Amino acid sequence: KVGQADWGAEWVIDPVKPVRVAPGAAYAMTTSAGPEDYLFVKTTARYRFTVDVSKPGAPVLSVARIESARRVEPPPHPASGPQASLHFQTWDGKRESASFSSDGAPRRTYVHSTTMQLRDPVPQFSRYTEPAGVPVVRSGSLPFDALFALAASEMKQDSVSQIADGNYNGGAPVPCECFETGEKWHYVWTRDLSYAAALGLAMLDPQRVRNSLDFKLSGYRDGTKKEAVVPGTEDGLQIIQDTGSGGSWPVSTDRVTWAFGAEAALRALMPAEREAFVPRALKALSNTIEIDRVAAFDTRTGLYTGEQSFLDWREQSYASWIVNDLSSMASSISVSTNAAHYKALTLAAQLAEEQGDRVRAQRYAAWARELRSAINTRLWLDEAGMYSSLTAGHLDGTPMHKFDWLGQALAIVTGIASDQQAASILARYPHGPMGPPVIYPQQPGRPVYHNRAMWPFVTAYGLKAAALHRNVSVADAAYASLVRGAALNVSNMENLEWLSGQALLLDEKNPDLIGPVINSRRQLWSVGAYLGMVIESVFGVTLTDSGIRVQPFITSRLRRETFGKTDVLRMQGLVLRGMKADVTIKLPAAADSDGYFEVSGIRLNGSNVGRDIRWDQLDAQGIRIEIQLGRLNPGTRGITLVGADPYVESPAVFSPAEPGITKVERAANGGVRLEFAPPAQGVVLNVYRDGQLAAAGLAGSAWVDRRTAGAPCYAVEAQFTASGNRSHHSEPACTGPAIDIPVTDRRVESNIKADAGAGRIRGWGAPEDSFAVDKITVPASGRYAVQLRYHNAANQINLGISGGVKWLSVKDAHGEVIAEGVVQLPHARIERGVAPPVYSTTLTARLAHGVQYRLELRDFYNMSYLRSNSSFSAAGGIGGPSNKFDIYGVRLRAINDLEKQ
């Protein structure tokens, strides 16, 4: 699609369906908005795209091929000298190869070529040199040494002096000695940076990581008034939640992933630099923690709400209906995001203790213990032996049988999972022939991106979890996946289709399913993942708060297949807090049986030491660490392997599409009758009542609940009988009476007069605006979900920083607060110019019959209030903060207490 810089106007050929474009033909474009789109080219060549705008209301696109075929330049491998190749079987029985050669210099220059057709129109080879300031590896395997050098050189390419994004600063560069996110992403994003830093970058360039982390902190804009209900310091220094679903925070709350990167940087920084960074890091963490505790903490479950970490493309990993109800996504709970909150709490407790603030240290440590317990109580699924990736949102709340590898791995590496839980997760999370997918099962009818994909950084977290708990099979799968991906693509790619391992899986029969839809070379967290795999997992060097831990995890397969030509591995020039370290591993003889080699001895500058080495034991003049590996330990080898044709939506690896409840009504006998479309062959339905399983294995089109009490809410999921894979839940259907009060009701009070014809208050939400509904009564005593009926058109549902975030209070006739808290009003869809009203997140209150109540709505804040967003091009940026929306009314719905799960 073609559009203005801020996408305020767009031109597309067809906003609904894919179009096959033939060179030389002309295509009329409509002036309507289209979805995120993509162009796939079947024939590699040079093309010219022309848009004729002589008639602005009817532009015409034409594409001309101006080069018949792309010239293929042969890889410049030398005629002599060291050369080696890696060969890989493809999913369809073919073979692809990656070849490597070297000039043999002290800092080698490598030529690296591949037979696999690359995704981007670049040569089938690359030349790169081992960069200064980064260690070199000598393993007896030319490909292994080269691929480490590739990651190191890509880290240097991602090291920039200025960053840019079209949505900020008018697209002009912003000075920053930072890491950019990849070849196609020239900005710094909180989660990308933080995971990359924790995986390996912080050890190698802690100063640049610190700069990048600092760039992701911001206080309030000048002139911003902090509401009394907003915790934290007056300046508001906090972690930034980047633009995203529904207008960013708190629909998404994984800004706390910043703590992973900060912890790694603090361990690697020189003492003086660390000392200077700690107070600022603690202040930002503390403000973020305190605010999120008010805005995104579910007191019923003891967990934090918000979108899954990094899985932030709604259609990829949520139910299809969620795009029309982002409030339900905002109120859902995910294990990955809660693991990040746990890391933020534990790091903040540690830093507060260091700073002598015992009160905050004890507070955050207690919150962390409680959170760990809640994650294990609420999200662990015994029958699956894994954590549920996410719960359904309000009015349902069920932990669903959906799983993601990042969430499982983070629970393990942070210590949330017990040893027994970790062993179960590692053995039971499904792996494909090319490695682990980021989610399981896959979503039907969705292209490849998060869905049906492997992401190297997630695979690397799985490797860390496997090494920690000595799972040889999962570790071998991760090593193989990371090496294959970098070798065949001649870069550390953003993601790969999981069953084929390809950076682009074309599907001409189903063009809507082609992908990965977006894919960047030298993606920062993929680069960090590869570097960390070598330094931390193979050579076993990790940083702790007090020094270095030495604990390599070299499996017999890795020894046999990768390091079979040598008995010694060397890493030279690793800089740790300004001190250069050389690490040597002496390998035992190769073994045919599976397992890992135990460490039998460690020597530091000639003296025997244990695996933990303190900083004061190190010699600034030089560090020599020698590791001797000994006997083969079988370790654990549990792994779940699955497979299918990547072009087939097989029940073995996919979930069914989620069902819908077509009708809910009170039955004649006093029960509740649900109706739904009958499931397809091989599929059954499960019914949930108030978050608990009420009926399983239904094959019909209706079910009657004879055990109803109060005002139950229902949801339905589909399940394949053969694989057991389950869908997302349907939209909840509730039976309780609802009180709807439109803004034209006489009980509504606002400083902005309602538009009676449109039935709404337009543009409400400036800090000084007021809104209240008085003299509300309920027909029966009980628990009620209070919601605003609204529409927020400040930006698209996948963009922006202007999600509505307000403070709602319920008061009795005496002015006493019965319930209060944050309500969210995310961006909502506009379809063909129609903006249907939707409902906010809920505030629950226990109300009594015969009592009059009053609702009051006032300001809270959102990410547009932060100084860092003052140059943002859309709503909430250069025009000032945006926390506005149209109000249509309020709804109070009687509901039951969600039963404890």
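**Salt bridges, an open sheet and helix α3**

Good morning. At 46% relative accessibility, R614 is classed as partly exposed. I should say at once that we are looking at a predicted model.

Let me stay with R614 for a moment. Its salt-bridge partner is D616, and the closest N and O atoms of the two lie 2.9 Å apart. D616 has a relative accessibility of 61%, and because exposed means over 50%, D616 counts as exposed.

Let us turn to a second pair. R726 and E717 also form a salt bridge, with 2.9 Å between their closest N and O atoms. Are these two residues buried or exposed? R726 is buried, at 14% relative accessibility. E717 is buried as well, at 0%. The cut-off applied here is under 20% relative accessible area.

A third pair joins D755 and R762, whose side chains meet in a salt bridge at 3.1 Å, N to O. D755 is partly exposed, with a relative accessible area of 27%, and R762 is partly exposed at 43%. In total, the structure holds 48 salt bridges. Some are linked: E749, D774, K811, R854 and E856 belong to one network of salt bridges.

I now come to the sheet. Five strands make up an open sheet in the order β41-β43-β49-β45-β46, and their pairing is antiparallel. Which strands stand at the edges? They are β41, residues 748-750, and β46, residues 817-825; each has a single partner strand, so one side of each lacks a neighbour in the sheet. On average, neighbouring strands in this sheet are turned by 20 degrees against each other, direction ignored.

At the β41 edge, the partner is β43, residues 771-776, and the two strands pair in the antiparallel sense over three bridges. Within that pairing, V748 has V773 of β43 as its bridge partner.

Finally, I would like to consider helix α3, which spans residues 206-215. Which of its residues are buried? They are P206, R208, V209, S212 and L213. These residues cover an arc of only 160 degrees around the axis, and therefore lie on the same side of α3. The general background is that an α-helix has 3.6 residues a turn, so residues three or four places apart point the same way.

What covers that buried side? The elements in contact with the buried residues of α3 include the strands β11 (159-163), β12 (174-179) and β13 (217-218). Helices α2 (190-204), α4 (258-268) and α5 (271-295) are also among them.

Thank you for your attention.

Conventions: Residues numbered from 1 in each chain as written. Predicted model: local features only at pLDDT ≥ 70, side-chain atom pairs only at ≥ 80, totals over all residues. Heavy atoms only, no water. Buried < 20%, exposed > 50% of the residue type's maximum accessible area, 1.4 Å probe, protein only. Helix = DSSP H or I, 4+ residues; strand = E, 2+ residues; numbered from the N terminus. Arc of directions from axis to C-beta. Contact = heavy atoms within 4.5 Å. Pairing = 2+ DSSP bridges. Axes fitted to C-alpha atoms, helices over the stretch in contact; angles between N-to-C directions. Salt bridge = Lys/Arg side-chain N within 4 Å of Asp/Glu carboxyl O.
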